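Subject: Structure handover

Hi,

Here is the structure I promised to pass on. Have a look at it first, and then read my notes below.

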Amino acid sequence: MRFADVAAVWADVEAAPGRLEMAGHLAQLLAKAKRAEAQPLVCLCQGVLAPPFMGLELGLGEKLAEQAIALVSGRSEKELENYFKKSGDWGAVAEWALSKKKQTSLGTEELELGGVYNSLVRLAKLSGAGSQDGKIKTLAELLNSASPLEAKYIVRFCVGKLRLGVAEPTILDGLALLRVPNVRDKISGIKSRPDAKGIRIKPLWDYETREKEKALDMEDSDASLDFVFTCDDAARIGALADGSAIWLEVDGFAPLAGIKLQKIRPLKDKPDHYRAQVMGFKKAVRAPLERAFNFCSDLGMVAEYALFDYARIERFKIKLFSPIRPALAERLPDAAAILEKLGPCAVEGKYDGFRLQVHKEGERVELYSRKLERVTAAFPEIVEAARKLPPQHIILEGEALAYSRSEKRYYSFQTTIQRKRKHGVAKMAEELPLHLFAFDLMYADGVDWTTQPYSSRRDALEKLVAGAGAIEPSSLKQVKTASELENFFDHCLKAGLEGIIAKDLNAPYTPGARDWAWIKLKKSYGALADTLDVVIVGYYRGEGARTGFGFGGLLVAVRNEESGHLQTVARVGSGFTEDEMVELEKMLSAVKRKTKPAELESGIEPDFWVEPKYVCTVSADEISLSPQHTAGLANGKGYALRFPRLVQMREDKGPAECTTAAEVEKLYSMQKTRGR
Ligand code: AMP
């Protein structure tokens, strides 16, 4: 595939008004990929070289990019910097400089996707003395063969600011779009239950071609799809109730679940012909892809299988050293609501440390963070304890926390996070030993535990980690009533924990999903049931007493999962210590940008925009509706936090892990029912 084709589609993606259109453009691009190109293409679209757990990062300094552009274009650095002052985008500088190239380059070849990817990987791997020159040279070689548009994207990629706004769900949408016709053309039957005998049908897609195209290509994932089919089993077709859930049988593939069939009507003038509406077809086609991704966090691999070896998507299995996307917790306002939702359930202490996923195969142990980065080197005592666990192969999850066993004292997140340092690990491990409070088991010696109910997983987990030193099971109580739950909640708060997580005894492990399998209840923050993890998108100059700090507050945003955009939810002006203000000014001034990030919707202009990369936890008294903010915007008003204050920075979370607009909406509706 020519890199020029990739760049052209990226330009379309950037100009696309929404996620649906983006997915359409990506699907066109993915359809052209050869097998070896699928993984590189998917990674490049996301602005990365590999999934986070592989630790292959490019971060090339802007100065080096500037030197490479100067070398290839013949422009002086002064000229380039002047253009950068206007545009604030080194990609735009490269595009401009190359379109006005003073020298013509000889013997250049058209760039291929694979070649560009390999050069970028080479760049990422250059390190140590003398690597600066090597990096400039490698980038200059690439730019020398690039068109201005290609150069724009190559440079943006290298300085870590590709920012097409393409997140994982959009790529999954694109892959699903490509599969829809394949699956649709192989529908052969309907089942009313997974184990029932199928009713054979033959869809007649050509009956009304126009409708088919419209329904499948344009509508969103829940769109209905009208179709006509023949079936000579009139009695069984007639017995299907309107709106009932069905399984669609597909020749050569597993049946599709999650579909509803409605408005089944015989055609008047044609015997054995029926018309019906299928709901959720595209979503059902997407589900196996999403499942595979949730189990390996490697979208490039999923894309390769989806496009070239689909059977492997259906049989997708957990893989050691490919982290599982973490299950997430829902919220409810109080103990009574939790009991009503789950009935008798297990309740665990909620530890405020950082989440670790442990993978072990014999002597090899790796630890993965909430962001799915490999963080093994920072936690030698957990690695040591994991090595001693009896199974040869294991995947388990827990919350790591600085903990003094003798005093039975849990340290705060702020203290614990000091352990994420890269230097002085051994000394820190001695001064501030960590404990892993294990709360779930996903895999052990050939058994995939994710499909088992929580109660069985927990039993197995307890047996497995018994006596493992730095790894122990999280605290647990089985409760039948709201007052039992409340008692345990109070007990956890007294012990220094931040609340509880209630767990559905019968639920499987639900990777990547915020599901009702887990429900959290945290100590009270005003009328709100929880704090919010928000992305910093801008900041304000200090005024009055804060002039000296150069810092007066933050503009923060949540993520809208539908559009993939960030939306502002508060201007945070309190909760900072003086040290934090100094620190924040230093941190944020290093990621200042001239213009509003493209993926941000904001009606407010702060003194400085910043790259949306830092996440912090904020609390607030209340959520109100305000025309100022864009979170969940409807009828000209968005959700806004009243009296927001900084609780802490969240180094363990990135923009992909922040609170969503839909969660803010739930918190808003929950505050009405929460006793005030
Ligand atoms: P939150 O980050 O507030 O959405 O809460 C969910 C997080 O709580 C999980 O991602 C875990 O990191 C953490 N956690 C602490 N204790 C537990 C527990 N016992 N079970 C599950 N998650 C826990």
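Asp89 sits in the loop that connects helix 5 (77-87) to helix 6 (90-99). Keep in mind as you go that this is a predicted model. Is Asp89 buried or exposed? With a relative accessible area of 19%, Asp89 counts as buried, though the cut-off is under 20%. Once residues up to four places away in sequence are set aside, Asp89 touches Phe84 and Arg156. With Arg156 there is also a polar contact: the two side chains are joined at 3.0 Å. For a long-range reference, the C-alpha atoms of Asp89 and Thr531 are 34 Å apart, with the two positions 442 residues apart along the chain.

Now the overall layout. The domain assignment splits the chain into domain 1 (3-166), domain 2 (186-285), domain 3 (330-522) and domain 4 (532-670). If you want a distance to go with that, the C-alpha centres of domain 2 and domain 4 are 46 Å apart.

Next, the cores. The largest nonpolar core has 88 residues, and the members that touch the most others are Trp10, Leu41, Leu49, Leu120, Leu139, Leu143 and Ile154. The biggest contribution comes from helix 7 (residues 113-125), which supplies 7 residues. Where does this core lie? It lies between domain 1 (3-166) and domain 3 (330-522), because both of them give residues to it. To see the packing around one of those members, look at Ile154: leaving out neighbours within four places in sequence, Ile154 is in contact with Phe3, Leu111, Leu139, Leu142, Leu143 and Ala146. There is another core apart from this one, with 35 residues, including Tyr539, Val556, Val569 and Met587.

Staying with helix 7 for a moment, Leu126 is in the loop that runs from there to helix 8 (131-144). Leu126 is partly exposed, at a relative accessible area of 30%. Not counting residues up to four places away in sequence, the residues that Leu126 touches are Ser131, Gly134, Lys135 and Thr138. Leu126 and Tyr410 are 284 residues apart along the chain, and 42 Å separates their C-alpha atoms.

The part you will probably open first is the ligand site. There are 13 residues around the ligand, and those that come nearest are Glu348, Arg355, Glu399, Lys503 and Lys520. Some individual distances:

- Arg355: a side-chain N or O atom is 2.7 Å from an oxygen atom of the ligand.
- Lys350: a polar side-chain atom is 3.1 Å from a ligand oxygen atom.
- Tyr351: here the backbone is involved, with an N or O atom 3.1 Å from a nitrogen atom of the ligand.

Helix 16 (residues 335-342) is worth a look as well. Its buried residues are Ala335, Ala337, Ile338, Leu339 and Leu342. What do the buried residues of helix 16 pack against? Their partners are strand 9 (345-350), strand 17 (476-479), helix 21 (482-494), strand 18 (499-503) and strand 19 (514-522). Just past the end of helix 16, Gly343 has a positive phi of about 70°.

Over to His273, which is part of strand 7 (residues 273-279). His273 is buried, with a relative accessible area of 14%. A polar atom of the His273 side chain lies 3.0 Å from the backbone oxygen of Pro271. Setting aside neighbours within four places in sequence, His273 is in contact with Leu204, Val228, Phe229, Thr230, Arg265, Pro266 and Leu267.

Last, the cysteines. How many disulfides does a search of the whole structure find? It finds 0. Cys616 is in no disulfide, and the nearest cysteine sulfur, in Cys658, is 10 Å away. Seen from the other side, the closest cysteine sulfur to that of Cys658 is the one in Cys616, and 10 Å is too far for a bond; a disulfide would need the two sulfur atoms within 2.5 Å. Both of these cysteines count as buried: Cys616 has 0% relative accessibility, and Cys658 has 1%.

Cheers

Notes:
Residues are numbered from 1 along each chain as its sequence is written. This is a predicted model: local features need pLDDT of at least 70, side-chain atom pairs count only at pLDDT 80 or more; totals for chains, interfaces and linings use all residues. Side-chain values use heavy atoms; hydrogens and water are left out. A nonpolar core is a set of buried Ala, Val, Leu, Ile, Met, Phe, Trp, Tyr and Cys residues joined through side-chain atoms within 4.5 Å. Buried means under 20% relative accessible area, exposed over 50%, partly exposed in between (1.4 Å probe, protein chains only). Helices (H or I, at least four residues) and strands (E, at least two) are DSSP runs, numbered from the N terminus. Domain bounds come from an automatic or database domain assignment. Contact means heavy atoms within 4.5 Å. A residue is near a molecule or strand if one of its heavy atoms lies within 4 Å of it. A polar contact is a pair of N or O atoms within 3.5 Å; within protein, one must be able to donate a hydrogen and the other to accept it, and residues adjacent in sequence count only if both atoms are side-chain atoms.
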